[in-house]
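Here are my notes on the aromatic pairs and on one helix. Please read them with the model open.

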Amino acid sequence: MHPNDPTTPEAESEADAFAAEFLIPHTACFEYLPYNPSLERLLEFKTAFRVSAIAAARRVHEVGRCSDWHYTELNRILTLRGFRSAEPGGRTFYERSRVFDTIAGNDKYSLHDMATELGLPTELARSFALQIRLSVV
């Protein structure tokens, strides 16, 4: 959308607006939530749309589904409960393609073989396949 300078504040704002509409459509806020939704309803909503609670609250406010005061209160409560720094009860898994499991999961073609064929280090190919290994640093 912004081939000359995609890092301008205007470009960033437009990207945020696009992401918000894409992830939480305007109509969904009206269809699934009452005006000034309770925290419990907001948390159900964020789980259904797989977004953070903070993003859900912001979107609900942006579309006019809650008052300024209610939005401020939701943010205060979410911050007190730790939602600003991390998402309690957040996703503990990553969505991933079944292709990697199908290809790298058989005995005839390993992840190492795939990495070699692609000209990548095995650990990099593993991270692309979201098979990240924890290691001590």
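1. Phenylalanine 18 and phenylalanine 22 are both exposed. The model is predicted, so read each point as a statement about a prediction. Both residues sit in helix H1 (residues 9-23). They are 4 residues apart there, which means a separation of about one helical turn.

2. The whole structure holds 3 aromatic pairs. Phenylalanine 18 and phenylalanine 22 make a stacked one: the ring centres are 5.9 Å apart and the planes meet at 15°. Stacked applies because planes under 30 degrees apart count as such.

3. Phenylalanine 45 and phenylalanine 49 also pair, but this pair is tilted. The centres lie 4.7 Å apart, with 45° between the planes. Their helix is H3 (residues 39-49). Here too the two residues are 4 apart, so about one helical turn separates them.

4. How buried or exposed is each ring residue of the H3 pair? Phenylalanine 45 is buried, at 4% relative accessible area. Phenylalanine 49 is partly exposed, at 23%. The cut-off for buried is under 20%, so phenylalanine 49 does not qualify.

5. Tyr32 belongs with the H3 pair: Tyr32, Phe45 and Phe49 form one aromatic cluster.

6. Helix H4 (residues 53-62) deserves a look. Its buried residues are Ala53, Ile54, Ala56, Ala57, Arg59 and Val60. Note that Arg59 is on that list. The cover over these residues includes H1, helix H2 (26-32), H3 and helix H5 (68-80).

7. Check the backbone just after H4. Glycine 64 has a positive phi there, about 80°.

Definitions and conventions
Residues numbered from 1 in each chain as written. Predicted model: local features only at pLDDT ≥ 70, side-chain atom pairs only at ≥ 80, totals over all residues. Heavy atoms only, no water. Phe/Tyr/Trp six-rings, centres within 6.5 Å; stacked < 30°, edge-to-face > 60°. Buried < 20%, exposed > 50% of the residue type's maximum accessible area, 1.4 Å probe, protein only. Contact = heavy atoms within 4.5 Å.
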